[in-house]
Amino acid sequence: MTEKFDQWKEYLESVYGANCFFTKDWLRREHERGNTRQVSRIDRDVDVRERAVSHANKLSEDSRAAATSSLEDIRADLGDCKRCKLCGTRKTIVFGEGNPRARLMFIGEGPGEQEDLQGRPFVGRAGQLLDKIIEAMGLKREDAYIANVVKCRPPANRRPEPEEVAACEPVLFRQIDAIAPEVIVALGATALECLLKSDAKITKARGTFIDYRGRKLLPTYHPAYLLRNPPAKKDVWEDMRKVMAVLGLGKE
Ligand code: SF4
């Protein structure tokens, strides 16, 4: 009980100053008298403060961890990942690549055949189209950062299943926090669903910026869709012009 009285006194002094009239003796007396209302209020305030301090400490630990978590740390933590069944069919983990301080990040669905073989994202036909889009924006591929929702190729390029996305998405979220891009472009429905946890249709959501973890997220079509539907290229270009405007690209 002495510890409790010390705790209460220390709390009251921090609120009212060292010369406050709530002495330890006063607290003990009130407690013995059964002045439960006053004493339990102090006890509750102490509890609230301690929880607030512990929460604040936890937040600052988390933000320190996020600030010091580099892409190398995240890749090392991923290791030879076996967190979902895609590990059984992949050849390579395709972590992502590009500028670790990129202002612009592209997020696709998952590696395809070429990506799986080469260990690099967006290197097949859809990747070549993405390169052209990036160049048309006045950037080089290595200026941006490119990653996928899942890091291992789903068999026959099927869409990743919800449990595969759930297993892999923490890696993506850490990548986003480490890179801290100003703009994220979600390429296609899987990226949009993973990032926003919504079943918003890409056809409706594309082209409109959404606030996402303090950044601007713009959904647009996946380059693989553009290969099947070339007329949609003009929509993507319209979207990329909005990204360019935010990043101040293409100005004389
Ligand atoms: S897809 Fe992601 S979670 Fe699944 S095995 Fe590959 S790296 Fe691990």
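Which residues have the most contacts inside the largest nonpolar core? In this predicted model, they are M105, I107 and A186, and the core they belong to has 45 residues. Among the secondary-structure elements, helix α7, spanning residues 162-179, gives the most to this core, with seven residues. M105 is a good place to begin looking around. Once its neighbours within four places in sequence are left aside, M105 is in contact with A144, Y145, I176, I179, P181 and I184.

Let's turn to the strands next. Six of them form an open sheet, and reading across it the order is β1-β3-β2-β4-β6-β5, with mixed pairing. At the edges you will find β1 (97-98) and β5 (210-212), each of which pairs on one side only. If you start from the β1 edge, you can see that β1 pairs with β3 (residues 145-148) in the antiparallel sense, over two bridges. One residue pair to pick out here is G98 and Y145, the latter being the bridge partner of G98 in β3. You have met Y145 already, as one of the contacts of M105.

Now for the helices that lie across this sheet. Helix α8, made of residues 189-196, lies across β2 (104-108), β4 (183-187), β5 and β6 (215-220), and runs at about 125° to β4. Helix α11, residues 233-247, lies across β2, β4 and β6, and its direction is at about 165° to β6.

Stay with α11 for a moment, and look at M240, which lies in this helix. Is M240 buried or exposed? M240 counts as buried because 20 other C-beta atoms lie within 10 Å, and the cut-off for a buried residue is 20 or more. Setting aside the neighbours within four places in sequence, M240 is in contact with I133 and M137. I133 is 107 residues away from M240 along the chain, yet the C-alpha atoms of the two are separated by 8.1 Å.

Finally, let's visit the ligand. There are 14 residues around it, and those that come nearest are C81, R83, C84, C152 and C168. What is the make-up of this shell in terms of nonpolar, polar and charged residues? Ten of the shell residues are nonpolar and four are charged, while no polar residues are found there. Helix α7 turns up again at this point: α7 gives the most to the shell around the ligand, with three residues. That helix is therefore worth a second look in the viewer, as α7 also gives the most to the largest nonpolar core.

Note on methods. Residues are numbered from 1 along each chain as its sequence is written. This is a predicted model: local features need pLDDT of at least 70, side-chain atom pairs count only at pLDDT 80 or more; totals for chains, interfaces and linings use all residues. A nonpolar core is a set of buried Ala, Val, Leu, Ile, Met, Phe, Trp, Tyr and Cys residues joined through C-beta atoms within 7 Å. A residue is buried if 20 or more other C-beta atoms lie within 10 Å of its own, exposed if 12 or fewer, and partly exposed in between; C-beta atoms are placed from the backbone. Helices (H or I, at least four residues) and strands (E, at least two) are DSSP runs, numbered from the N terminus. Two residues are in contact if their C-beta atoms, placed from the backbone, lie within 7 Å. A residue is near a molecule or strand if its C-beta atom, placed from the backbone, lies within 6 Å of it. Ala, Val, Leu, Ile, Met, Phe, Trp, Tyr, Cys and Pro count as nonpolar, Asp, Glu, Lys and Arg as charged, and the others, Gly among them, as polar. Two strands pair if DSSP finds at least two bridges between them. Axes are lines fitted to C-alpha atoms, for helices over the stretch in contact, and angles run from 0 to 180 degrees between N-to-C directions.
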